[in-house]
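Student: I'm new to this structure and would love a close look at one part of it. Could you walk me through the sheet and the helices around it?

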Amino acid sequence: MKAVVWHGRRDVRVEEVPDPAVKEPTDAVVRITSSGLCGSDLHLYEVLAPFMTEGDVLGHEPMGIVEEVGPEVTGLKAGDRVVIPFQISCGDCFMCGQGLYTQCETTQVRDHGTGAAIFGYSKLYGRVPGAQAEYLRVPQAQFGPIKVPEGPPDDRFVYLSDVLPTAWQAVEYAAVPPGGSLVVLGLGPIGDMACRIARHRGVEKVIGVDLVPERLARARARGIETVDLSAVDDPAEALRGATGGRGADAVVDAVGMEAHGSTAVKIVQQMAGFLPKAVAEKVMTTAGVDRMAAMNLAVAAVRRGGTISLSGVYGGMADPMPMLTLFDKQVQLRMGQANVKRWVPEIMPLLVDEDPLGVDDFATHRVPLSEAPTAYEKFQKKEGGTVKVLFRP
């Protein structure tokens with residue numbers, strides 16, 4: 001089959017790889033009909049390159065048609081239309097019982113001290129072959145796949161794999177009080193969707209922050225207030241001014257380590273990419289530092305006693321957190337990978353009839369798998385209005 005394969009920093013290729021097969025009794029094989037390109041894929045494209053292995057298959061936002069199931073997979077059969085959550089969880093362990101599917105004790109990658117295995121996401125998360133491919137082996141298929149109805153196009157459901165539950169959890173964790181305000185930093189796919197979800201859930205004042213004109217325009221078209229980082233001298237002051245001078249009740253950081261700014265840290269990250277792999281891994285796991293511009297803005301823009309909800313991915317182990325300010329302002333922090341199936345019952349009713357979140361036209365680009373290298377490059381450079389890419393294997 002054809003798949004998107006990692007070969008090095010900023011080097012992905014579409015190649016022939018072996019077809020997947022059922023290996024365990026709880027496996028399934030799914031023929032992929034749509035697969036998303038995620039902002040966190042860009043971390044593998046550049047910053048987290050030291051944890052990648054040449055030949056890794058990328059991607060973790062798939063849906064498709066079940067081709068085959070193992071003997072212990074019940075409730076799922078060949079021909080079923082399914083969305084696959086990005087994390088692999090058993091549904092039966094202690095952590096899954098708490099709704100913390102990203103911490104599944106059956107699939108935790110203990111060799112690296114990380115949580116549940118993730119499709120297509122480096123050896124830190126199990127080095128499981130990813131979903132930007134024609135077919136996908138799905139472990140723990142007795143629990144993971146989400147069956148969706150026939151009829152509507154893939155765009156209606158594919159975001160259940162990551163975008164929708166990640167944005168939903170970001171808003172849930174933000175815990176905006178009635179009549180309160182929410183600032184969303186970064187209007188890529190997660191930030192854009194978080195704004196839409198917040199408004200749908202009744203948050204009265206939602207402010208989206210970015211510096212890419214097309215992304216700001218998308219948010220404004222949905223009735224979201226915006227702040228253009230390139231048009232203000234002091235973003236934190238601008239956001240405080242937009243929230244009564246006090247600061248927002250909550251801030252969602254949907255940017256993470258890819259934040260603009262922190263030039264010195266960017267240089268360190270880039271240098272790590274050129275070190276021998278074993279050395280680079282050690283640097284990133286013991287001394288890695290993220291570009292903290294978004295986090296620092298979140299701390300400055302949130303009101304005292306407010307909440308910061310982190311959905312953007314951070315990977316550094318030596319980040320200079322502004323602990324004095326966080327403590328002094330009595331800020332609450334909530335964070336983590338989205339527990340996909342925890343939120344599906346709340347999201348699914350918004351997808352099966354009306355389309356209040358605008359998922360049908362959420363993608364900006366729908367391209368064949370063969371165009372993956374160009375899509376990665378344009379997404380990384382934020383060119384051509386690229387916000388959300390769907391591959392059609």
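Tutor: Let's start inside the sheet, where E11 and E12 run parallel and are joined by five bridges. In this pairing, Val252 stands opposite Ser309 in E12. On to the next pair: E12 and E13 are linked by four bridges, again in the parallel sense, and here Thr307 stands opposite Gln332 in E13. Please keep in mind that this is a predicted model.

Now step back to see the whole sheet. It is open and has six strands, in the order E10-E9-E8-E11-E12-E13, with parallel pairing. Strand E10 (225–228) and strand E13 (332–335) are the edge strands, each pairing on one side only. On average, neighbouring strands of this sheet are turned by 20° against each other, direction ignored. In general, the strands of a sheet pair through backbone hydrogen bonds, either parallel or antiparallel.

At the E10 edge, strand E9 (residues 205–210) runs parallel to E10, and four bridges join the two. Look there for Val209, which stands opposite Val227 in E10.

Next come the helices that lie on the sheet. H3 lies across strand E8 (181–185), strand E11 (248–253), strand E12 (302–310) and E13, and runs at about 155° to E12. Helix H9 (residues 293–301) also packs on the sheet, where it touches E8, E11, E12 and E13. The direction of H9 makes about 150° with that of E12.

H9 has a helix partner too. The axes of helix H6 (residues 235–242) and H9 come within 9 Å and cross at roughly 35°, and the crossing of H6 past H9 is right-handed. From H6, the contact uses Pro235, Ala236, Leu239 and Arg240, while H9 brings Leu297, Ala300 and Ala301. Sorted by class, the residues of the contact of H6 with H9 are six nonpolar, no polar and one charged.

Back to H3, which meets two other helices. One of them is H4: the axes of helix H3 (residues 163–174) and helix H4 (residues 189–200) come within 8 Å and cross at roughly 60°. That crossing angle makes H3 oblique to H4. The crossing of H3 past H4 is right-handed. On the H3 side you will find Val163, Leu164, Thr166, Ala167, Trp168 and Val171, and they meet Pro189, Ile190, Met193, Ala194, Ile197 and Ala198 in H4. By class, the contact of H3 with H4 has eleven nonpolar residues, one polar and no charged ones.

The other is H11. The axes of H3 and helix H11 (residues 340–347) come within 9 Å and cross at roughly 90°, which makes H3 roughly perpendicular to H11. Here Leu164, Pro165, Trp168, Gln169, Glu172 and Tyr173 in H3 meet Val340, Trp343, Glu346 and Ile347 in H11. This contact of H3 with H11 has seven nonpolar, one polar and two charged residues. Try finding Leu164 and Trp168 on screen: they are among the H3 residues that meet H4, and they are also among those that meet H11.

Finally, a word on confidence. The protein chain averages a pLDDT of 91, and 90% of the residues score at least 70. Residues 259–269 are a stretch to treat with care: pLDDT stays under 50 there, and the model has 21 contacts beyond four places in sequence for them. Where pLDDT is low, the predicted coordinates should not be read in detail.

Notes:
Residues are numbered from 1 along each chain as its sequence is written. This is a predicted model: local features need pLDDT of at least 70, side-chain atom pairs count only at pLDDT 80 or more; totals for chains, interfaces and linings use all residues. Side-chain values use heavy atoms; hydrogens and water are left out. Axes are lines fitted to C-alpha atoms, for helices over the stretch in contact, and angles run from 0 to 180 degrees between N-to-C directions. Angles under 35 degrees count as roughly parallel, over 145 as roughly antiparallel, 65 to 115 as roughly perpendicular and the rest as oblique. A crossing is left-handed if the near helix is turned anticlockwise from the far one by less than a right angle, and right-handed if clockwise. Contact means heavy atoms within 4.5 Å. Ala, Val, Leu, Ile, Met, Phe, Trp, Tyr, Cys and Pro count as nonpolar, Asp, Glu, Lys and Arg as charged, and the others, Gly among them, as polar. Two strands pair if DSSP finds at least two bridges between them. pLDDT is the predictor's confidence in each residue, from 0 to 100.
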